[in-house]
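Thanks for making room for me this morning, everyone. Let me put the structure up on the screen and we can walk through it together.

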Amino acid sequence: MKTTALQNLFHNKKNHIKDSIGQRIFRVFLAIILILACAAFLFPYLHVLAKALNSSADTALGGLTIYPRKFTFEFISIVLQDSGILLGLRNTVAITVIGSLFTVAINYVAAYALWQKTFWGKTVIVWFLTIPMFISGSIVSNYVIYSKIGMIDNFLVYILPGSFNFFTVVFIRTYLTGVSTTYVEAARIDGASELKIAVKIILPLSMPIIAVMLLRAAVGYWNSWSTTLYYIDSPSLYTLPYYLQLSLKNSQEVERVLREAIEQGRIVGDMSIGSPSESIQAAQTIISTLPLVCLYPFFQKYLAKGVSLGGIKE
């Protein structure tokens, strides 16, 4: 018996050592894959950033990788003082903030209503809202409808048409099904209204999914340019992504930015050397993407901590 026990102990210890070695190999392999993936994703962005912060004459020599050889803030300064960029940035920030908050609010209310077990006609409404997810109107039909209700060349065309998203409603409702109803039942016994329950009790418990949907909506509003292309005529309502697209496709727009900078004396040195247009485009790209790049890691950290929270699970 003693010999058998010692043999089992030795055998289990040997298997534990093998498992540990296998886990270590897997972790090293996984780390290498993640490092290569990060490098593949970061290299294009760092390359554009290097162009934006490098002298145009030096950039024209080629061989620029992920860091500037001759550092300069000249092109960033030129773009930041461009009236079109500033106007587009102002519009985009306003659309992103207002649109994201309104979208999350309206979809949360709809999800809370569909989450109620006593909601009459819930099945019919769910089927009715599911159909547009697979069958939707064309751009022409949308344009006709928007023109009839006065949404063409209107700031609200950025906010209202895309505010309700049934996919988001389903996502939030699915999360709510895992939230304990203990607090809700106690609040109803105490005489709390549905509005108070939804805002004071369920909303704090739903913050992880609200954060996910808020980030998703913010990224969508920030990167949207097709709405401006289809439904906006006034340059005063152009968004930053649309303005950037115009600059990247229209060399005359980049030349206008350079010409204004030269006339206002904001350019130092000989800009006829190198490729200042390429550096201007790189600077525009960096400025249009930098806010989300800086915001997302902090937001993601919050999501990673809060995704397992949300109250008592049944």
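Helix H5 is the biggest contributor to the nonpolar patch, with three residues. Please keep in mind that this is a predicted model. The patch sits on the surface and is formed by Ile131, Met133, Phe134, Ile135, Phe167 and Phe171, with about 660 Å² of accessible area together. Two elements give two or more residues to it: H5, which spans 122–134, and helix H7, which spans 166–176.

Let's pick one of those residues. Is phenylalanine 134 buried or exposed? Phenylalanine 134, which is found in H5, has 69% relative accessibility, so it counts as exposed. The cut-off for exposed is over 50%.

Now, H7 has another side to its story. Phe166, Thr168, Val169, Ile172, Tyr175 and Leu176 are buried in this helix. And what covers them? The cover for the buried residues of H7 includes H4, H5, helix H9 (194–205) and helix H10 (207–223). So H5 turns up twice in this talk: it gives residues to the patch, and it is among the elements covering H7. At the N-terminal end of H7 there is a cap, and asparagine 165 provides it. One of its side-chain oxygens lies 2.9 Å from the backbone nitrogen of phenylalanine 167, a residue you have already met in the patch.

Next, look over at helix H4, residues 83–115, where you will find threonine 103. Why does threonine 103 count as buried? Its relative accessibility is 7%, and buried means under 20%. What does this side chain reach? One partner is the backbone oxygen of glycine 99, at 2.7 Å. Another is the side chain of tyrosine 221, joined to that of threonine 103 by a polar contact of 2.8 Å. Leaving out residues up to four places away in sequence, threonine 103 touches Gly162, Ser163, Ala217 and Tyr221.

Last stop: charges. How many salt bridges does the count come to? Just one. The side chains of glutamate 194 and arginine 188 meet in it, with 3.1 Å from N to O. Glutamate 194 counts as partly exposed because its relative accessibility is 38%. Arginine 188 is also partly exposed, at 38% relative accessibility.

That's my tour, and I'm happy to go back to any of these spots on the screen.

Definitions and conventions
Residues are numbered from 1 along each chain as its sequence is written. This is a predicted model: local features need pLDDT of at least 70, side-chain atom pairs count only at pLDDT 80 or more; totals for chains, interfaces and linings use all residues. Side-chain values use heavy atoms; hydrogens and water are left out. Patches are made of residues with over 30% relative accessible area and no salt bridge: like charges are joined within 9 Å, nonpolar side chains (Val, Leu, Ile, Met, Phe, Trp, Tyr) within 5 Å. Accessible areas come from the Shrake-Rupley method with a 1.4 Å probe; for residues, only the protein chains shown count as cover. A salt bridge is a side-chain nitrogen of Lys or Arg within 4 Å of a carboxyl oxygen of Asp or Glu. Helices (H or I, at least four residues) and strands (E, at least two) are DSSP runs, numbered from the N terminus. Buried means under 20% relative accessible area, exposed over 50%, partly exposed in between (1.4 Å probe, protein chains only). A polar contact is a pair of N or O atoms within 3.5 Å; within protein, one must be able to donate a hydrogen and the other to accept it, and residues adjacent in sequence count only if both atoms are side-chain atoms. Contact means heavy atoms within 4.5 Å.
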